[in-house]
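Colleague: Before I use this model, I would like to go through the terms applied to it and hear what each one rests on.

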Amino acid sequence: MQDDEHHHHDVEFDRATRRSILLALGIASVGSVATSAAAAPRLLPGMRLAPTPGIDLINDKPAHALPKPLVATANDILGPFWRAGAPFNTSLVPKGANGRKVAVSGTVRDTDGKPVEGVILDFWNADDAGKYDLENPFQTLMPNEYRYRGLVKSDANGKYSVETIVPGKYRIPPQLPGFESFDGLLRPSHIHLMTSHNGTVPLITQIYFTGDPEIARDPWASKSKSIVGLDKAGDALAARFDIVLLRMG
Ligand SMILES: [Fe+2]
């Protein structure tokens with residue numbers, strides 16, 4: 001009896017000590033967690049839990065194997081420097097160009113994941129110094145003046161590739177219609193592209209590069225998921241940009 005009382009006293013003492021230590025540490029809720037755990041319903045003799053109807057989302061493998069639609073590549077601004085009439089060309093780089101060459105390639109798919117053949121990809125980007133061949137949207141270019149612009153087509157497997165350079169950064173020019181509030185903003189390095197194809201919704205977007213410090217300050221790039229790595233590929237660089245298009249109708 002004496003021993004039991006001693007033991008009981010020790011337990012009480014320990015609890016009190018423990019609680020004051022926890023309170024001192026600011027962990028006052030530990031006691032209430034223990035209380036609610038103790039209050040959890042117990043399975044009594046004769047009680048049975050009802051089986052859960054439907055799919056077992058944890059263990060049912062076929063439920064996880066259902067195809068998930070791909071997310072379509074998001075649009076980005078067209079900007080003022082696109083120009084119609086660029087020629088088909090697997091390289092957009094003029095002879096003697098400055099800058100680091102980059103091979104951009106990828107696969108064009110629909111949201112079911114099926115490759116899309118025959119998509120025309122119209123690329124345009126600034127030169128190494130951040131200049132487009134077009135100084136303003138009202139300028140006229142002759143066909144032999146197209147620089148860093150060109151079209152490529154996706155093949156039977158949806159694959160495309162195009163060579164360009166890592167574009168230089170440029171500031172948004174003053175009083176550019178629609179961009180007045182962004183005068184002077186230094187845009188991250190980017191490659192523009194536009195798709196056209198009978199059967200998919202046209203996409204106008206931009207490709208940015210991982211690690212570019214201007215991305216966070218740019219109102220468009222900071223919301224973009226089209227940010228790709230620049231990988232070393234021999235003497236040049238390679239960037240992979242896969243595209244998901246929405247089918248029409
Ligand atoms: Fe641009």
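Colleague: What makes the order E3-E2-E5-E6-E7 an open sheet, and which strands stand at its edges?

Modeller: The five strands, each a DSSP run of at least two residues marked E and numbered from the N terminus, follow one another in that order with mixed pairing, where two strands count as paired if DSSP finds at least two bridges between them. Strand E3 (149-153) and strand E7 (227-228) are the edges, because each has a single partner strand and so one side of each is left without a neighbour in the sheet. Please keep in mind that this is a predicted model, in which local features need pLDDT of at least 70 and side-chain atom pairs count only at pLDDT 80 or more, while totals for chains, interfaces and linings use all residues. Residues are numbered from 1 along each chain as its sequence is written.

Colleague: How do you know that E5 and E6 pair, and in which sense?

Modeller: DSSP gives five bridges between E5 and E6, in the antiparallel sense, against the at least two that pairing requires. One of the residues involved is Leu-193, whose bridge partner in E6 is Thr-205.

Colleague: Which strands pair with E1, and over how many bridges?

Modeller: E1 and E4 pair in the antiparallel sense over seven bridges, with Val-162 in E4 as the bridge partner of Val-104. E1 also pairs in the parallel sense with strand E9 (residues 236-240) over four bridges, where Ser-105 stands opposite Arg-240. Three bridges join E1 to E10, again in parallel, and Asp-110 has Leu-245 in E10 as its bridge partner.

Colleague: Why is Ser-161 called partly exposed?

Modeller: A residue is buried if 20 or more other C-beta atoms lie within 10 Å of its own, exposed if 12 or fewer, and partly exposed in between, with C-beta atoms placed from the backbone. Ser-161, which lies in strand E4, has 16 C-beta neighbours inside 10 Å and therefore counts as partly exposed.

Colleague: What is Ser-161 in contact with, beyond its neighbours within four places in sequence?

Modeller: Its contacts, meaning C-beta atoms within 7 Å, are Thr-90, Ala-103, Val-104 and Ser-105. The C-alpha atoms of Ser-161 and Val-104 are separated by 5.6 Å, although these residues are 57 apart along the chain.

Colleague: What makes a group of residues a nonpolar core, and which residues have the most contacts inside the largest one?

Modeller: The term covers buried Ala, Val, Leu, Ile, Met, Phe, Trp, Tyr and Cys residues joined through C-beta atoms within 7 Å. The largest such set has 31 residues, and Val-104, Phe-123 and Leu-245 have the most contacts inside it. Strands that each supply at least two residues of this core include E1 (101-110), E2 (120-125) and E4 (159-165). Not counting residues up to four places away in sequence, Phe-123 touches, among others, Leu-92, Val-162, Ile-191 and Leu-193.

Colleague: How confident is the predictor, and where is the pLDDT below 50?

Modeller: On the pLDDT scale, the predictor's confidence in each residue from 0 to 100, the protein chain averages 85, and 81% of the residues score at least 70. Residues 1-9 are below 50 and have zero contacts beyond near neighbours in sequence, while residues 28-35 are also below 50 but have four such contacts. Where pLDDT is low, the predicted coordinates should not be read in detail.

Notes. Two residues are in contact if their C-beta atoms, placed from the backbone, lie within 7 Å.
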